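Welcome, and thank you for opening the viewer. Please load the model, turn on the cartoon view, and keep the selection box at hand.

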Amino acid sequence: FFSHIIGLFGQRLWFYNKTSHYSDKLKINDSCIGCGLCSQICPMNNITIENNKAVAGNMCTMCYRCISHCPKKAITLIGKTVQEQCQYEKYIE
């Protein structure tokens, strides 16, 4: 258990410096309905809901949880639109 906690914090600290400019690339388009799911699942508390829309902060570590779970495909990090949302459940046989 202890090694998992250390690994989690180590990963976040390692990737924080590596992905410091990714927050600038996190895009939330107008199809956002402000459901709040992205802000609930973000491990860095990077996304908040303001005026019924998701707003990204500057702490993104590129975990893709918000992108994979957005019901409206309103969030993207790379590219202009989300073509497919992949979750690990999709790959379990």
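## First stop: Cys32

Select Cys32 and show its surroundings: setting aside residues up to four places away in sequence, Cys32 touches Lys53, Ala54 and Ala74. Keep in mind along the way that this is a predicted model.

Now look at where Cys32 sits. The residue belongs to the loop between β1 (27–28) and α3 (37–41). Is Cys32 buried or exposed? Cys32 is buried, because its relative accessible area is 10%, and the limit for buried is under 20%.

Next, add Pro71 to the selection and draw a distance between the two C-alpha atoms. Cys32 and Pro71 are 39 residues apart along the chain, and their C-alpha atoms are separated by 8.8 Å.

## The nonpolar core

Cys32 is also a member of the largest nonpolar core, which has twelve residues in all. To see this core, select Leu26, Cys32, Cys38, Ile47, Ala54, Cys66, Ile67, Cys70, Ala74, Ile75, Leu77 and Val82 together and show their side chains. Two of the residues that Cys32 touches, Ala54 and Ala74, are on that list as well.

## Step back to the whole chain

Zoom out and colour the chain by secondary structure. How many helices and strands does the protein chain have? There are four helices and four strands. Following the sequence, you will pass them in the pattern α-α-β-α-β-β-α-β.

If you switch on the surface, the accessible area of the protein chain comes to about 6800 Å², and 57% of that belongs to carbon and sulfur atoms. Of the 93 residues, 25% count as buried. For contacts with a separation of 6 or more, 50% are between residues 24 or more positions apart.

## Helix α3 and Ser39

Go to Ser39, which you will find in helix α3. Show the side chain of Ser39 and follow it to the backbone oxygen of Gly36, which it reaches at 2.9 Å. Beyond its neighbours up to four places away in sequence, Ser39 touches Ile47, Thr48 and Ile49. Of these, Ile47 will be familiar from the nonpolar core.

## The hairpin of β2 and β3

From Ser39, move on to strands β2 (47–50) and β3 (53–56). The two strands pair in the antiparallel sense, over four bridges. Select Glu50 and look across: Lys53 in β3 stands opposite. Lys53 was also one of the residues touched by Cys32 at the start of the tour.

Between the strands of this hairpin there are two residues. Pick Asn51, in the loop between β2 and β3. What is notable about the phi of Asn51? It is near 55°, a positive value in a residue other than glycine. Asn51 is exposed, because its relative accessible area is 76% and exposed means over 50%.

## Another positive phi: Lys73

Travel on to Lys73, in the loop between α4 (65–69) and β4. Lys73 has a positive phi of about 55° although it is not a glycine. With a relative accessible area of 35%, Lys73 is partly exposed.

## Strand β4 and what follows

Now select Thr76, in strand β4 (residues 75–76). Thr76 counts as buried, at 6% relative accessibility. Leaving out residues up to four places away in sequence, Thr76 touches Lys25, Leu26, Lys27, Ile67, Thr81 and Val82. Among these, Leu26, Ile67 and Val82 belong to the nonpolar core.

Follow the contact from Thr76 to Thr81, in the segment after β4. Is Thr81 buried or exposed? Thr81 counts as exposed, at 51% relative accessibility. Draw one more C-alpha to C-alpha distance, from Thr81 to Asn29: the two are 52 residues apart in sequence and 9.0 Å apart in space.

## Last stop: two cysteines

Finally, how many disulfides are counted here? The count comes to zero. Select Cys42, which is in no disulfide; its nearest cysteine sulfur, that of Cys63, is 5.9 Å away. That pair is not counted because a disulfide requires sulfur atoms within 2.5 Å. Cys42 counts as buried, at 14% relative accessibility. Cys63 is in no disulfide either, and it counts as partly exposed, at 30% relative accessibility.

How values were computed
Residues numbered from 1 in each chain as written. Predicted model: local features only at pLDDT ≥ 70, side-chain atom pairs only at ≥ 80, totals over all residues. Heavy atoms only, no water. Core = buried A, V, L, I, M, F, W, Y, C linked by side-chain atoms within 4.5 Å. Buried < 20%, exposed > 50% of the residue type's maximum accessible area, 1.4 Å probe, protein only. Contact = heavy atoms within 4.5 Å. Areas by Shrake-Rupley, 256 points an atom, 1.4 Å probe, with all protein chains shown as cover. Polar contact = N/O pair within 3.5 Å; in protein donor to acceptor, adjacent residues only side chain to side chain. Pairing = 2+ DSSP bridges.
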